[in-house]
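I am opening a notebook on a structure that is new to me. The entries below follow the order in which I looked things up.

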Amino acid sequence: ADEGKGVDTAVASAQSLLQQEAFVPAGTTDRQICEEDVNLQFAPTLTVTNTSQCTCPAGLPPALLSLMSISEQSARRDALKQQMALAAQHLLAEPDKHVGPGLRLLLGCATDSDGYVVRLALLSCVAVFKDLLPGYRIRTATQDEQEMRVSKEVAALRDFEQSLLKGYQAFLKTLLAAATAKPSGSSSSSSSVLATARVAVRCMGQLLVARPGFNYSSDLLQALVPLMVHPDSQIQQTTCDTIKQLLLEDLQGTTSLEAVQLVADLVRKRKCSVPPLVVSSLLVARFEQVTPTAQGGEGIGGKVRTVVVQLALCIAGYSQ
């Protein structure tokens, strides 16, 4: 009886946790997660294996593997929801102790065959990473540094940072695969793939804006900018809004400069045949210098201005 009571308590705790904003961002509805009735207009140029065909990463807890084998859909979803909520709770409470197994569980759910579970796992991962990622770039210790004697605290911090970075890299690969997956099979399956792609793009945008100076920000930009001309209007809008928000909030300016350069290259490559949203996303760019100007240099603000002016001249040339 005591064991049954403990299970009920854990389930109740997990269900309560799922309602918190920390794991499903504000404004996210069940319809956005399920979204099986979208109008399908999806034909990405990149060919990536469908996320529903991905295998679970090695090292998943046996309990999670057994939950994934449940045949009844609603019971399976509820059980996986609880596991994801508990994993996120442990990660946020004691990240140094649970970063390895917690991220493996969430990433395992993010490669599930059920699109609903995948979308919920992606949103949960984003919320966790936005809370755990530091404001600085994590640097891998050199061979000499690894051989040096350090305190237990420093060694523990290094191990945590490397585990966090490894999990973050794996998550970005999962997001990219989901964002560029090509629909196939039945109409409902294709709609689910598109719904997952929309969530994945939104997650990539949130990570880039939240931590523009963190590791792999350039990889995120290079993945997102081509999606500004995506055939699906929602993905296109989300990506353009991300670039616009990045230009507004990136105080250092380095990532903003790279974003402007990538957008300009995209416009030139397509000979200015891009949706108006792509160009209008650059209108919020700030040209003031946000870093000290080196002698004879123009600063990041000046470089942004130069790229935008060159792009304007390019567009003007094609319009004539």
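Which residue forms a salt bridge with E94? I found K97 as the partner, with the closest N and O atoms 3.3 Å apart. I note that the model is a predicted one. E94 is partly exposed, at a relative accessible area of 35%, and K97 is exposed, at 57%.

**Entry: the chain as a whole**

I looked up the secondary structure and got 14 helices and zero strands. The chain has 320 residues, and buried residues make up 45% of them. I put the accessible surface at about 16400 Å², with 53% of that area belonging to carbon and sulfur atoms. I then turned to contacts with a separation of 6 or more; residues 24 or more positions apart account for 74% of these.

**Entry: other salt bridges**

My search of the whole structure found six salt bridges. Side chains of opposite charge can pair when their charged atoms come close. One of the six joins D114 and R77, whose closest N and O atoms are 2.7 Å apart. This pair links distant parts of the chain, 37 residues apart. D114 sits in the loop between α5 and α6, while R77 belongs to helix α4. Are D114 and R77 buried or exposed? D114 has a relative accessible area of 12%, so I enter D114 as buried. R77 is at 18% and therefore also counts as buried.

I also noted a bridge between D265 and R268, with 3.3 Å between the closest N and O atoms. The two residues are about one helical turn from each other, because they lie three residues apart in helix α12. An α-helix has 3.6 residues a turn, so residues three or four places apart point the same way. Both ends are partly exposed: D265 has a relative accessible area of 44%, and R268 has 30%.

**Entry: helix α12 and the loop after it**

I followed α12 along its length, from residue 254 to residue 269. Its 16 residues reach 23 Å from the first C-alpha to the last, close to the expected 22 Å. I listed buried residues in this helix, among them T255, L257, V260, V263 and V267.

Which residue just after α12 takes a positive phi? I found K271, at about 55°. Most residues other than glycine have a negative phi, and most peptide bonds are trans. K271 is located in the loop between α12 and α13. C272 is in that loop as well, and its phi is also positive, near 70°. The two residues part ways on accessibility: K271 is exposed at 57%, whereas C272 is buried at 18%.

**Entry: cysteines**

How many disulfides does the structure hold? I counted zero. C203 is in no disulfide, and the nearest cysteine sulfur, that of C125, is 8.5 Å away. The cut-off for a disulfide is 2.5 Å between the sulfur atoms, so this pair does not qualify. C203 is buried, with a relative accessible area of 0%. I found C109 buried too, at 0%.

**Entry: a nonpolar patch**

Last, I looked at the surface for nonpolar side chains. M148, V150 and V154 form a patch there, with about 240 Å² of accessible area together. I placed V150 in the loop between α7 and α8. Its relative accessibility is 35%, so V150 counts as partly exposed.

Definitions and conventions: Residues numbered from 1 in each chain as written. Predicted model: local features only at pLDDT ≥ 70, side-chain atom pairs only at ≥ 80, totals over all residues. Heavy atoms only, no water. Helix = DSSP H or I, 4+ residues; strand = E, 2+ residues; numbered from the N terminus. Expected span 1.5 Å × (residues − 1). Buried < 20%, exposed > 50% of the residue type's maximum accessible area, 1.4 Å probe, protein only. Patch = residues over 30% accessible without salt bridge, like charges linked within 9 Å, V, L, I, M, F, W, Y side chains within 5 Å. Areas by Shrake-Rupley, 256 points an atom, 1.4 Å probe, with all protein chains shown as cover. Salt bridge = Lys/Arg side-chain N within 4 Å of Asp/Glu carboxyl O. Contact = heavy atoms within 4.5 Å.
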